[in-house]
Amino acid sequence: FAPVAGLLAAYAVVLAVAPPAFEQMKPTRRLARIVAAEAQPDDHVAMFRLNRWSSSWRFYVGRPSTALETPEDLRRFFARPGKHYCAMMRSDYDRLSIEGLALRVIHQEQGLFTTTGRALRAGAKARTDQFIVVSD
């Protein structure tokens with residue numbers, strides 16, 4: 001009985017500690033809430049090459065959001081009249097800046113991009129990246 005109780009206790013501790021710590025490292029909710037708090041009802045919201053976030057981003061931002069995949073999509077999005085907000089990875093922003101797209105970073109933070117169990121199994125190092133929200 002003691003070994004089974006020990007295993008159950010260890011399992012309970014893992015369930016109580018791991019999911020909240022994992023969730024804390026994902027930046028989706030924090031970035032979306034920043035956009036939701038700052039954007040006005042008529043402002044445009046998008047995410048660039050973060051298609052893995054589609055559902056959770058739209059849920060947390062609380063409004064329709066455009067998924068952009070190419071630099072041309074991004075340029076067309078920012079060419080529309082009005083104010084714009086877009087979440088993206090810092091590496092994409094750096095490449096676009098070199099190409100001449102001038103956007104203003106309004107928030108930046110490090111977070112976990114990896115969300116699959118295969119990538120998080122023992123021995124695999126979780127990849128963290130810089131995520132930003134840009135505006136015009």
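In this predicted model, histidine 84 touches His44, Phe77, Phe78, Val134, Ser135 and Asp136, once residues up to four places away in sequence are set aside. Histidine 84 lies in strand β3, which spans residues 84-89, and with a relative accessibility of 0% it counts as buried, the limit being under 20%. The points below start from the surroundings of this histidine, and then turn to the aromatic pairs, the helices, the overall fold and the confidence of the prediction.

**Histidine 84 and its polar partners**

- The side chain of histidine 84 makes a polar contact of 2.6 Å with the side chain of aspartate 136, and a polar atom of the histidine 84 side chain also lies 3.0 Å from the backbone oxygen of arginine 80.
- Arginine 80 takes part in a further polar contact, in which its side chain is joined to the side chain of histidine 44 at 2.6 Å, so that arginine 80 is linked through its backbone oxygen to histidine 84 and through its side chain to histidine 44.

**Histidine 44**

- Histidine 44 is found in strand β1, residues 44-48, and it counts as buried because its relative accessibility is 17%, where the cut-off is under 20%.
- Apart from neighbours within four places in sequence, histidine 44 is in contact with Phe77, Arg80, Pro81, Gly82, Lys83, His84 and Tyr85.
- Phe77 is listed among the contacts of histidine 44 and also among those of histidine 84.

**Aspartate 136**

- Aspartate 136 is placed in the segment after β5 (128-135), and at 39% relative accessibility it counts as partly exposed, whereas its polar partner histidine 84 is buried at 0%.
- With neighbours within four places left aside, the residues in contact with aspartate 136 are Phe78, Gly82, Lys83, His84 and Arg104.
- Aspartate 136 and lysine 83 are 53 residues apart along the chain, yet their C-alpha atoms are separated by 6.7 Å.

**Aromatic pairs**

- The structure holds 2 aromatic pairs; in one of them, the ring centres of phenylalanine 59 and tyrosine 60 are 5.1 Å apart with the planes at 75°, and the pair is therefore edge-to-face, since plane angles over 60 degrees are classed in this way.
- Within that pair, phenylalanine 59 counts as exposed at 62% relative accessibility, while tyrosine 60 counts as partly exposed at 22%.
- The rings of phenylalanine 77 and phenylalanine 78 have centres 5.2 Å apart and planes at 85°, so this pair is edge-to-face too.
- Phenylalanine 77 counts as buried at 2% relative accessibility, and phenylalanine 78, with a relative accessible area of 12%, is likewise buried; both residues appear among those that histidine 84 touches.

**Buried faces of two helices**

- In helix α2 (residues 28-38), the buried residues are Thr28, Leu31, Ala32 and Val35, and because they cover an arc of only 95° around the axis, they sit on the same side of α2.
- An α-helix has 3.6 residues a turn, so residues three or four places apart point the same way.
- In helix α5 (residues 90-98), Asp92, Tyr93 and Leu96 are buried; seen down the axis of α5, the buried residues fall within an arc of 100°, so they line one face of the helix.
- Just after α5, glycine 100 takes a positive phi of about 100°.

**Glutamine 110 in strand β4**

- Glutamine 110 has its place in strand β4, residues 104-112, where it counts as partly exposed at 46% relative accessibility.
- Glutamine 110 and proline 27 are 83 residues apart in sequence, but their C-alpha atoms are 7.4 Å apart in space.

**Overall fold and surface**

- The protein has 6 helices and 5 strands, which follow the pattern α-α-β-α-β-α-β-α-β-α-β when read along the sequence.
- Of the contacts with a separation of 6 or more, 62% are between residues 24 or more positions apart.
- Of the 136 residues of the protein, 34% count as buried, and the protein exposes about 8,100 Å², of which carbon and sulfur atoms supply 59%.

**Confidence of the prediction**

- The pLDDT averages 80 over the protein, with 76% of the residues scoring at least 70.
- Confidence is highest in helix α4 (residues 71-79), at a mean of 93, and lowest in helix α6 (residues 117-120), at 50.

Terms used. Residues numbered from 1 in each chain as written. Heavy atoms only, no water. pLDDT = per-residue confidence, 0-100. Helix = DSSP H or I, 4+ residues; strand = E, 2+ residues; numbered from the N terminus. Buried < 20%, exposed > 50% of the residue type's maximum accessible area, 1.4 Å probe, protein only. Contact = heavy atoms within 4.5 Å. Areas by Shrake-Rupley, 256 points an atom, 1.4 Å probe, with all protein chains shown as cover. Arc of directions from axis to C-beta. Phe/Tyr/Trp six-rings, centres within 6.5 Å; stacked < 30°, edge-to-face > 60°. Polar contact = N/O pair within 3.5 Å; in protein donor to acceptor, adjacent residues only side chain to side chain.
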